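Trainee: Can you walk me through how the labels on this model are earned? I'd like to see each one set against its definition.

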Amino acid sequence: MVVCYACGKRFNSNAEFYKHAKEVHGGIENAIYKVVEKPMSFEDFKRISGFVEAEYENGIAKLKILRGVADYNYYIDVWDCKGKLHLGWKEEEGGWVDIGYFLIPKRIYREEVREDIEKICFQVLEDRGGAINQSGKYYLDDEHIGKILLASGICGFEKVKK
Ligand SMILES: [Zn+2]
């Protein structure tokens, strides 16, 4: 299922999403990106991250950003049919665990949640209209992050052990 982050609708294929994007949002570009304008100093402008393109004029930053991204530090980096899940930390001090198609931070790994995490990772790729054999960065939305936190027990919800 591909998600249209402009309106939240889900589609069974990229082709259906593209058709919808053109008809409803006036183009694929509009459905994938949005442009936001924020007043800020030039110093701050030089420090902001997570945009695709940016312009600065008269105290206003004009940023082109991807829709539906909860945090630019949360993404799956897919390369060579393998995805590496990044969850905010610049350095994963505990390292990574190979669970098959994905490498996940060791701090969230437990055997009993391996399958759940893998499912969520595949969902991220699907929601972004991608796949494990399509290299690229796939950003997590709020829902993805919530599911991972819940599955991994990071937010205090331990999965009941059988
Ligand atoms: Zn839409």
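Mentor: Let's go through the sheet and then a helix packed on it. This is a predicted model, where local features need pLDDT of at least 70, side-chain atom pairs count only at pLDDT 80 or more, and totals for chains, interfaces and linings use all residues. Residues are numbered from 1 along each chain as its sequence is written.

Trainee: How do you know that E7 and E9 pair?
Mentor: Pairing takes at least two DSSP bridges between two strands. Strand E7 (residues 82-87) and strand E9 (residues 102-105) have two bridges, in the parallel sense, with Gly83 opposite Phe102 in E9. Strands here are DSSP E runs of at least two residues, helices are H or I runs of at least four, both numbered from the N terminus.

Trainee: What makes E8 and E10 edge strands?
Mentor: The open sheet of five strands runs E8-E9-E7-E6-E10, with mixed pairing. E8 (96-98) and E10 (136-139) each have a single partner strand, so one side of each lacks a neighbour in the sheet.

Trainee: How do you know that the span of H4 agrees with what it should be?
Mentor: The expected span is 1.5 Å times one less than the number of residues. For the 14 residues of H4 that should be 20 Å, and the end C-alpha atoms are 20 Å apart, so it agrees.

Trainee: Why is Ile117 in H4 called buried?
Mentor: Buried means 20 or more other C-beta atoms within 10 Å of a residue's own, with C-beta atoms placed from the backbone (exposed is 12 or fewer, partly exposed in between). Ile117 is listed as buried, and so are Ile120, Cys121, Val124, Leu125 and Asp127.

Definitions and conventions. Contact = placed C-beta atoms within 7 Å. Axes fitted to C-alpha atoms, helices over the stretch in contact; angles between N-to-C directions.
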